[in-house]
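Work through these short exercises with the model open beside you. Try each task before you read its solution.

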Amino acid sequence: MEPLSLANGDSFPWLTVLTFGPMLGVLALMLVPREQKDALRNIALLTTLGVFVVSLGIYFYFDPSVVPASGEPFAFQLTDGPVDWIGALGIQYYMGIDGISLWLVLLTTFLMPITVYSTYSAVETHVKEYMICLLFLQTGMIGALVSLDVFLFYIFWEMMLIPMYLIIGVWGSDKRVYAAVKFFLYTMVGSLLMLIGILYVYFQTGDASGGYSFLFTEMAAVDLTFNEQIWLFGAFFLAFAIKVPLFPFHTWLPLAHVQAPTAGSVILAGVMLKMGTYGLLRYAFPLFPAALKAYAPWIGILAVIGVVYGALMAMVQDNVKSLVAYSSISHLGFCVLGLVAMTPQALAGGLYIMLAHGISTGGLFLAVGILYERRHTKEISDFGGISKSMPIFATLFMVIVFASAGLPGLNGFVGEFLALLGTAESHFLWFTGSGAAVFTQTGGGYSLEWAMAALPAVDQVGPEMTAYVLAVVAATGVIWVACYLLWMWRRVMFGPLDKEENRVLSDLNTREMVYMIPVVLMAIFMGVFPKFFLGPMEPSMHGFLEYMAAEQKEAGFDGSVVVQEPDDDWTPDQSPAEKMRENNR
Amino acid sequence: MPTIALLTPPAWAEFAGILPGLIPALTALVLILLNVFHRGTESPRDYLAYVASIGLGLTLVTCWVLWDDTLTRPIFHGTLYLDRFSLFFTGLCSASGLLAMLMSPRFLRSHGLDRVEYYMLILLSVSGMAFLVQSADLLTFFVAFEAMSIPVYCIAAFMRRDARSAEAGMKYFILGAFSAALMLYGIAMLYGATGTTNLEVIGETVIGLMTDPASQSANGIIMLGMLLVLSGFAFKVAAAPFHLWTPDVYNGSPTPSVGFMATAVKAAAFAPMIRVLNTAFGHVGQMGAGEAVQMISLRGGFYGYGWIDVLLVLAGASMVLGNLVAITQSNVKRMLAYSSIAHAGYILVGFIASGAEADFFLYHDAVLFYLVSYTFGTLGAFGVLAYFERQGRSVETYDDLAGLGWQFPTIGLLMGTFMFSSAGIPPTAGFVGKLYVFKSAVDVGQATGDLTFIWLAVLAVLTSVAGVYYYLRVLVSMYMYERDEELEGVGHPAAKFALVVCGFFSLYLGILPGGAMDMSRQAVIDMAGAPESIQEVQQDGREALQERLGVADEGGASDE
C-alpha cells in the first residue's frame with residue numbers, strides 16, 4: 001500500500017481537517033465526565049471556533065480565478081485525494097471546493113460556534129451527548145459540501161440525519177418523537193431512491209476507464225438517454241426537494257422546527273436545508289441537463305407555489321417558530337426559482353439567498369430561542385410590548401427581521417432582487433413547443449397536454465410569458481414576507497405591555513449579545529458588500545452556466561441558458577493569500 | 001471403478017478438509033468430559049463457555065490457515081469440498097457461535113440453566129454447519145443439514161420450565177422435521193431421475209435429460225424435486241411464506257441463542273443454496289438444431305418458471321411481509337424476528353441478481369457480504385436484549401427499553417449501532433451490505449435490460465424505509481422516553497466483550513469494508529463444483545482480482 005497522501009502537492013489538507021476537526025472535539029468530550037457541564041460546553045465551543053478559524057484558511061487560499069475546463073461543470077481546488085477508499089467498488093476519498101461550496105462551508109463554520117454558544121443555558125440535560133451530536137452534525141454537513149465522490153457525499157448526507165434526529169427527538173418539545181421520526185423517514189425515502197439513481201449512473205461510468213467509479217467528474221461525463229435522465233432526475237430531485245423542502249414535500253419542516261430545540265432549528269434552517277438546494281445545483285442539474293429542461297418550468301411552478309403558500313401559511317401562524325419555519329419554505333422557493341432559471345443573475349441570486357437565509361433565519365430562530373428561554377412559550381399572543389422591557393433585544397431582532405424581509409441594504413434584498421430579475425429574463429423556464437413535446441413523449445401514452453392547457457397559449461403571448469408570470473407571482477412573495485414578519489414583530493414587540501410576566505423580562509445578557517451581534521453584523525455586511533461574496537462565486541457560476549448551455553445545445557434546446565461574460569472588475573483574479581504576498585513584495 | 005475408489009482410504013491431505021467440522025465436534029466431547037469433573041451444583045460453569053469459545057476460535061483459525069490451501073476437486077470420494085466458499089461460511093458460523101456463546105453464561109445462570117448441554121449443542125450445530133457448507137453430495141448435505149438443525153431445535157426448547165420456550169422448540173421441531181422430510185422427498189426424486197446424489201453429476205445428468213427429446217417425461221419430476229429442495233432452504237432461511245415459525249421461535253428461545261439461530265443458521269442455509277442451485281441446476285443446454293435451437297436452463301429468468309422465478313416470489317413476499325408486520329410489533333424480539341424475514345428478502349434480491357445468468361455469478365459476493373454485516377448487527381441486537389434479561393424479568397418490549405440508553409451509555413451506543421446497521425444507515429456495515437446487494441441488482445438490470453431487477457431494487461429500498469421506522473423505534477424508546485424505575489445492570493465481562501466486538505465490526509465493515517469484500521469475492525471465485533459456464537466467469541474474476549490487488553494470488557484452487 002502506498003503512503004497515504006491526501007493533499008495534492010504539498011499544500012495543507014484543509015478540507016479533511018475541516019471535516020474531521022469536530023471529531024477531535026468529540027473525542028475530547030468523551031473523556032470529560034458528564035457532570036462537568038461547563039467544561040463540556042466550553043470544549044464544544046472551542047472546537048467549533050477552531051474549525052471556524054481553520055475555515056478562514058480556505059477562504060484565504062481560495063483562488064477565485066480558477067474556471068472550469070470546457071466540458072466540465074465545475075473546477076475544484078484545494079483538493080484532498082483522490083485516495084482509494086473501497087477499492088472493490090471504486091469508491092474514493094476525494095474532496096474539493098469551488099465558488100459554490102466555498103461560502104456554504106464558511107456559513108456552516110460561522111454558524112456552528114454561535115449555535116453552540118446559544119445552547120449554554122438552553123440545554124441542561126444530557127449536555128455531553130448534545131454537544132457530541134452537534135459536532136457530528138458539523139462533520140456531516142461540511143463533509144457533504146466538500147465531497148467530490150458521490151458515494152462519499154451520500155455517506156455524509158445520511159450521516160447528518162442521525163444527530164439531527166437525536167437532537168429533535170431527545171431535546172425537543174412535546175411532540176418531539178413524532179417530529180423526529182417524520183423528519184427521518186421523509187428524508188430517508190428520498191435519499192434511498194437517489195441511491196438507486198446514483199448506482200444506475202455509477203454503472204454507466206465503466207465503459208471508458210474500465211472500472212466503475214463514483215467520482216462526480218466521471219459521473220458527469222456519462223451520456224444518458226433522455227428517457228433515463230427523466231427517471232434519474234426524478235429520483236435525485238425527490239431527494240433534494242424533500243430536503244429543501246419544496247412544496248408539496250414540505251410537511252415535515254414546520255413540525256421539525258417547532259419541536260426542535262433552538263440549536264437544532266438554527267442548524268436545520270441555516271445549513272441543512274441548503275443541502276437540498278446545493279444538491280440540486282451540484283448533482284441533479286449537471287448530471288441530467290436534458291431532463292432538467294423538461295422539468296424546469298414545473299420546478300419553477302412548484303417553487304412559486306412554495307413562495308406564496310409558505311408566505312400565506314406563515315401569516316396565519318400563532319406560533320413564532322412555525323411562522324419562521326413557513327417563511328423558510330417561502331424563501332427557499334425564491335432560491336430554487338433562481339437556481340432553475342439558468343441566467344447569471346438568477347443563479348447568483350439563488351446562491352446568495354442560500355447564504356442570506358442561513359444568516360437571517362438562523363438569527364430569527366436564535367431570537368425566538370431567547371424569547372422562549374425567558375417565557376417558555378412560543379405563542380405570539382403571549383407576548384406584546386416586549387420592546388419596553390428588552391430594548392437591546394428589540395433592536396437586534398428588528399435588524400434580523402428586516403434582513404429576512406428583504407429590506408434594501410440588508411442581506412435578504414440582494415438575493416431576492418437578483419433572483420427575480422434573473423427569472424424574468426430566463427429562457428429556461430419557458431414552456432416551449434418542444435418542451436411540451438418532451439412531456440407527451442415521456443408520458444408514454446399519458447399525455448400531459450391537459451396541464452399545458454391551463455397555461456397561456458404559447459402562440460398567443462409568446463413563451464416568455466411563463467418566465468414573466470413566475471417572476472411576477474414570486475415577486476408578490478416580497479410583499480407577503482414584509483406582511484407576516486413585520487406583523488409578527490409588531491405583535492411581539494410593540495403594543496401594550498399588558499402581561500405581568502412580560503414586564504420583568506431581563507434584557508440580553510453578555511453571552512446572548514456575543515452570539516447575536518455577529519449575526520446582525522453579518523446580515524448588514526452581506527447587504528452592503530454583496531460583491532465580497534459574489535465575486536469569488538462568479539467564475540464558478542459562469543463555468544457552470546457555460547457547461548449547461550453546451551449541454552442544452554446538445555440536447556436541442558439551444559439558447560435556453562443565458563450566459564454572459566462576467567465583469568472583470570467584479571471578480572478578483574487571485575486568492576487573498578496571493579494578493580497579500582504580492583503586496584508584501 | 002467406483003467400488004475400488006470407495007475402498008481406497010482418502011489421502012492424508014484430505015483430512016485437513018474436515019478439520020473445520022471436526023474441531024467443534026471434538027470440543028463438544030471435551031466439554032462433556034470437563035463437566036464430569038465439575039463439582040457442586042452452585043458453582044458457575046462459565047469456564048465451559050470459554051473452553052467452547054476457544055474451540056470455535058480454533059475453528060476460525062483453521063479456516064484462516066486453510067484459506068490458501070483449497071482444492072477444486074471434492075474430497076472424501078466426492079462428498080465434501082474444501083474451498084474458500086465453505087471456509088468463509090464456516091468462519092462466519094463459528095464467529096457467530098462464538099459470540100453467542102460469550103453472551104450466554106450470565107443469561108443461563110440467571111435462568112437456573114447453567115448446564116453444559118447448551119454449549120455442547122451449539123458446538124454440534126456449528127459442526128453440522130461446517131459440513132453442510134462443504135457438502136458436495138446430496139446425502140452428506142442432508143445429514144449435515146439435520147446435524148445442524150436438531151441441536152438448534154433442542155436449544156430452542158432449552159428453558160424447559162418456560163412454556164414459551166417449550167412451544168418454540170415444539171414448533172420449530174415439528175415444522176422443521178416436516179420441511180426436512182419434504183426436502184428429502186425432493187432429493188429422492190432427483191435421485192430417481194438422475195440415479196446419483198452427487199451434485200456435479202446431477203447437474204450434468206439433469207441438463208442431459210432435459211435436452212434429450214426422448215426423456216422429456218423426466219422434466220416434471222426434476223422440477224418437483226428442485227422445488228421441494230428449494231422449499232427446505234426457504235424454511236431454514238425464514239423466507240416468506242415459509243416463515244411462520246420464526247416469530248414464535250425467536251420469541252420463546254433463550255435470547256442469546258436466538259442471535260445464533262437468526263444468523264448462523266441462516267448463513268449456513270444460504271451457502272448450500274448457492275451451491276446446490278448453481279451446481280445441480282445451473283447448467284445451460286441446447287435443444288434442437290439450426291433455426292429451432294432452444295436454450296434449456298433451470299434458472300428460468302423472469303417467468304420462465306425456473307428457480308429464479310421462485311426466488312423472486314420469495315424475495316418480494318419476504319420484504320413486504322417482513323417489514324410491514326415488523327412495524328406493528330410491540331415486542332422487540334418479535335420485531336427482530338420479522339425483520340430477519342425481511343433481511344432474508346434483501347439477501348434473496350442479491351441472490352436473484354447474481355443467479356440470473358452465469359455471467360453474474362460473481363455478484364454472489366454481495367450475498368456473502370450482506371450475511372456478514374447482518375450477522376454482527378442481529379447478533380448484537382439479541383445480545384443486548386439478553387444482557388438485561390433475568391429470571392422472571394424479561395426485557396423485550398419497547399417499553400422495557402425506555403430510557404436504557406441514558407442509564408447504560410455504552411450498551412445504548414452499541415444498540416444504536418446495531419439498529420442503524422440493521423436499518424442500513426451509513427456509516428455502518430448494514431448500509432454497505434444493502435448497497436452491495438442493490439448495486440448488483442441495478443447492474444444486472446442494466447446489463448440485461450430487464451427492468452424487473454431495478455424495480456426489485458426499488459421495492460427493496462422502499463420496504464427498507466419501513467425498516468428504518470421500526471429500528472428507529474428502539475432508539476426512540478431508549479433515548480426519548482424516561483424510565484420510572486432503575487434497571488439492574490449486569491456487568492458480565494464476556495457478554496460485554498461480545499457486544500463490543502459486534503459493535504466494532506458493525507462500524508468497521510461500514511467504514512472500511514474493502515477487506516471483507518475482497519474476501520467474499522475470493523470465496524465466490526473459489527467456489528468449487530460449478531458448471532463450466534460459471535467456471536469461466538470465476539476464472540475471469542480471479543484474474544481481475546489478481547490484477548486489482550496487484551499480488552499474485554498463490555493459494556486457492558491450484559491442485560492439478
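A disulfide is a pair of cysteine sulfur atoms within 2.5 Å. Keep in mind that this model is predicted.

**Exercise 1.** Find out why Cys93(B) has no bond to Cys63(B).

*Solution.*
- Step 1: The cysteine sulfur closest to that of Cys93(B) belongs to Cys63(B), and the two are 9.4 Å apart.
- Step 2: The cut-off is 2.5 Å, so the sulfur of Cys63(B) is too far for a bond.
- Step 3: Search the whole structure. The result is 0 disulfides over all chains.
- Step 4: Check the surroundings. Cys93(B) is buried, at 1% relative accessible area.

**Exercise 2.** State which parts of chain B are linked by the salt bridge of Arg109(B) and Asp46(B).

*Solution.*
- Step 1: The closest N and O atoms of Arg109(B) and Asp46(B) are 2.8 Å apart. A salt bridge needs them within 4 Å.
- Step 2: Arg109(B) sits in helix α5 and Asp46(B) in helix α4, 63 residues apart.
- Step 3: Compare exposure. Arg109(B) is partly exposed at 35%, whereas Asp46(B) is buried at 13%.

**Exercise 3.** Describe how Arg41(A) and Asp38(A) are placed in helix α2 of chain A.

*Solution.*
- Step 1: Their side chains form a salt bridge, with 3.5 Å from N to O.
- Step 2: Arg41(A) and Asp38(A) are 3 residues apart in this helix, so about one helical turn separates them.
- Step 3: Arg41(A) is buried at 5% relative accessibility. Asp38(A) is exposed at 51%.
- Step 4: Widen the view. Shared partners join Lys37(A), Asp38(A), Arg41(A) and Glu124(A) into one salt-bridge network.

Notes. Residues numbered from 1 in each chain as written. Chains lettered and ligands numbered in written order. Predicted model: local features only at pLDDT ≥ 70, side-chain atom pairs only at ≥ 80, totals over all residues. Heavy atoms only, no water. Buried < 20%, exposed > 50% of the residue type's maximum accessible area, 1.4 Å probe, protein only. Helix = DSSP H or I, 4+ residues; strand = E, 2+ residues; numbered from the N terminus.
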